[in-house]
Amino acid sequence: MAYRVQVRTHLWAPALGLALVVSFLPATSLHVSTSHAATAPQAVGTWSMVPQSKDSNGDGFIDGDGGVPSSGALSAQPSANFVGAGNFIAQPNERLIGGSLSWYLDDTGFPVLLNACKSVGDTYTWTVQRGGEVVATTPVKKLTRKACRQTITLPEGLHSLKLTVRKGSATKRLSMVANVSNILMVVMGDSYASGEGNPRNVNAWLRNTSARFNPYWDNDRCNRSVHGAPAQAALQLEKASTKTSVTLVDVSCSGATVDRGILGAQYPNTPTQIEQVTALIGNRSIDVLSITIGGNDVGFGSILTTCALANNCPLAKATSKPLSNYPTVQSGVQSETAKLAGAYTRINDCLTGVPCQSSTGDSLQGLQITPGGKVFVSSYPDITRSANGAICSYLTISRDDFQWARDTILSPAPSNPFPYTTTRSQTVNLDNAAGSLNGQINATTALGWQPVMGIWGASGDSTTGHGVCAGTSAWVFGLTGFSGFTSGSFHPNPQGLESMAKELLAQIKATGF
């Protein structure tokens with residue numbers, strides 16, 4: 001058995017001024033600390049994707065590089081002077097780049113953070129290989145707390161990373177594999193996608209709805225906001241993993257329809273949403289496409305206006321287009337609902353990577369979905385039930401009219417015929433052969449799309465109702481025109497958008513993202 005010598009002072013010795021006591025202990029209790037061990041380098045490293053949907057102040061909403069009001073960004077009256085646009089710094093509450101893009105797209109790849117902070121040594125460097133060839137080597141840097149991280153731009157795909165740490169003449173190396181991955185998420189659609197009613201400073205309005213209010217949008221014409229459910233889902237997807245980043249491209253616009261918005265110009269001399277996306281992403285393929293469309297196609301606005309002004313709403317003539325082109329609201333809703341399957345197919349034709357047709361017959365450069373990518377089409381929430389689950393009556397809109405809207409437009413499994421009770425207590429059986437809006441959305445599985453029916457389920461099939469009359473449980477605003485912010489009427493409120501984002505995110509993650 002090996003032994004070690006333990007030396008300690010003991011008593012007085014005439015010659016040395018001390019006594020040596022020698023004891024022998026088994027080597028099993030040996031603890032060696034040598035100068036070589038203390039100075040040996042250690043290579044400890046990690047890699048992560050640099051977020052492309054940034055939340056600089058941690059408030060749960062994306063901060064871009066499109067400029068921010070110079071003062072009072074989240075107040076009821078933000079400054080009209082914007083600062084900081086294009087400086088490559090995501091300031092708190094800064095709007096999207098061009099009102100659409102979370103962060104810049106670079107043809108050379110995406111930023112990757114290389115972290116050597118837990119290493120021990122004097123200097124360090126990283127070597128990057130792809131396909132067996134060295135494609136990048138970072139500068140040799142002193143290993144300090146302030147200089148232990150480096151960012152490098154790499155294309156998507158597998159890379160071999162080697163961290164080399166030196167201390168004196170000694171060297172330590174660590175190898176690892178990095179799968180560089182960015183999720184390109186595109187948002188198209190109408191006001192239920194754009195975040196209508198929820199500008200960045202919505203909370204200032206909610207605190208005092210009677211005060212003068214100037215909404216702060218990411219895009220003014222479209223009332224687009226990062227408070228929208230898809231934008232919130234994008235940020236949560238970004239935060240879900242350090243091994244992927246998420247680039248958001250959001251071209252959704254309040255008032256959009258399939259033919260006037262996605263496949264056609266919504267405003268004179270403006271590009272379609274398909275063209276807007278193409279201009280931003282070029283030939284890149286889309287990983288996640290979130291669409292919310294159809295509400296305006298079947299006449300949401302016409303329905304609400306007519307039901308607020310007329311008795312027996314489904315039997316009345318609509319007061320505004322598109323339903324005013326039909327004898328009754330019911331006949332108009334059914335006629336427009338019947339067109340949705342074809343409309344969704346025409347959108348899908350523009351997602352195959354080949355040219356497709358606009359609503360006016362012009363040629364559009366088609367978008368491409370990546371292999372493994374998905375189109376997520378969101379259902380519309382139930383706005384018709386109170387907190388206890390009973391059907392609402394709200395202002396001049398009756399319970400019978402809300403029941404009709406729920407059972408013929410919003411329910412994925414509508415009644416046919418639907419027995420409508422008039423104000424004279426007469427029952428009129430309404431033909432519902434074309435189905436419902438959410439029913440048509442659910443049927444897009446035939447196109448390979450993924451319907452997000454959880455939005456309907458969490459509001460329409462739940463014990464608690466989340467409709468316009470549900471008080472603190474409501475997912476939607478009531479009539480906001482009384483308080484000077486008209487556009488928010490009957491649109492999701494902050495609670496509704498957060499809940500809708502949760503359902504969308506769950507569906508995205510369930511498919512493997």
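Is Tyr-104 buried, partly exposed or exposed, and what is its relative accessibility? Tyr-104 counts as partly exposed, because its relative accessibility is 24% and the partly exposed class lies between 20% and 50%. The structure discussed here is a predicted model, and the points below take up its parallel sheet, an antiparallel group of strands, the nonpolar cores, the aromatic contacts and several helices.

**Aromatic pairs and charges over rings**

- Tyr-104 forms an aromatic pair with Trp-103, and the arrangement is edge-to-face, with the ring centres 5.3 Å apart and 75 degrees between the planes; this pair belongs to a structure in which a full search finds 13 aromatic pairs.
- Trp-103 counts as buried, because its relative accessibility is 9%, and the threshold for that class is under 20%.
- The ring of Trp-103 also has the charged end of Lys-54 sitting over it, at 4.7 Å from the ring centre.
- Another placement of this kind involves Arg-221, which lies over the face of Tyr-267 at 4.5 Å from the centre of the ring.
- A cluster linked by ring pairs consists of Trp-205, Phe-213, Trp-217, Phe-477 and Phe-485.

**Nonpolar cores**

- The largest nonpolar core holds 113 residues, and those touching the most other members are Met-185, Met-188, Leu-289, Ile-291, Ile-347, Trp-404 and Leu-437.
- Apart from this core lies another one, of six residues, which includes Trp-205, Phe-213, Phe-477 and Phe-485; these four residues also appear in the cluster linked by ring pairs.
- Ile-347 of the largest core is in contact with Val-258, Ile-262, Leu-263, Ile-291, Ile-293 and Trp-449, once its neighbours within four places in sequence are left aside.

**The parallel sheet**

- Five strands make up an open sheet with parallel pairing, and their order across the sheet is 14-13-15-18-21.
- At its edges are strand 14 (245–250) and strand 21 (450–452), each of which pairs on one side only, while neighbouring strands of the sheet are turned against each other by 20 degrees on average when direction is ignored.
- Within this sheet, strand 13 (residues 182–189) and strand 15 (residues 286–292) run parallel and are joined by five bridges, and Val-186 stands opposite Leu-289 in strand 15.
- Leu-289 thus appears in two settings, standing opposite Val-186 in the sheet and being listed with the residues that touch the most other members of the largest nonpolar core.
- Helix 5 (residues 273–281) lies across strand 13, strand 14 and strand 15, and runs at about 155 degrees to strand 13.

**Antiparallel strands around strand 6**

- Strand 6 (residues 110–115) is largely enclosed by the rest of the structure, because five of its six residues are buried.
- On pairing, strand 3 (residues 46–49) runs antiparallel to strand 6 and is joined to strand 6 by four bridges, with Thr-46 standing opposite Asn-115 in strand 6.
- Strand 6 also pairs with strand 10 (residues 149–154), again in the antiparallel sense, over six bridges, and here Leu-114 stands opposite Gln-150 in strand 10.
- As background to these pairings, the strands of a sheet pair through backbone hydrogen bonds, either parallel or antiparallel.

**Helices and their surroundings**

- Helix 7 (residues 329–338) is mostly covered, with seven of its ten residues buried, namely Val-329, Gln-330, Gly-332, Val-333, Gln-334, Glu-336 and Thr-337.
- The elements that cover these buried residues include helix 6, helix 8 (340–349), helix 9, strand 20 (427–430) and helix 10 (437–442).
- In helix 6 (residues 300–309) lies Ala-308, which is partly exposed with a relative accessible area of 31%.
- Leaving out residues up to four places away in sequence, Ala-308 touches Thr-396 and Ile-397; the C-alpha atoms of Ala-308 and Ile-397 are 5.2 Å apart in space, although the two residues are 89 residues apart in sequence.
- In helix 9 (residues 399–410) lies Gln-403, which is likewise partly exposed, with a relative accessible area of 27%.
- Gln-403 is in contact with Ile-391 and Phe-418 when its neighbours within four places in sequence are left aside, whereas its C-alpha atom is separated by 25 Å from that of Gly-197, 206 residues apart from Gln-403 along the chain.

Notes
Residues are numbered from 1 along each chain as its sequence is written. This is a predicted model: local features need pLDDT of at least 70, side-chain atom pairs count only at pLDDT 80 or more; totals for chains, interfaces and linings use all residues. Side-chain values use heavy atoms; hydrogens and water are left out. Two strands pair if DSSP finds at least two bridges between them. Axes are lines fitted to C-alpha atoms, for helices over the stretch in contact, and angles run from 0 to 180 degrees between N-to-C directions. Contact means heavy atoms within 4.5 Å. Buried means under 20% relative accessible area, exposed over 50%, partly exposed in between (1.4 Å probe, protein chains only). A nonpolar core is a set of buried Ala, Val, Leu, Ile, Met, Phe, Trp, Tyr and Cys residues joined through side-chain atoms within 4.5 Å. Rings of Phe, Tyr and Trp (its six-membered ring) pair if their centres lie within 6.5 Å; planes under 30 degrees apart count as stacked, over 60 as edge-to-face and the rest as tilted. A charge sits over a ring if NZ of Lys or CZ of Arg is within 6 Å of the ring centre and within 35 degrees of the ring normal.
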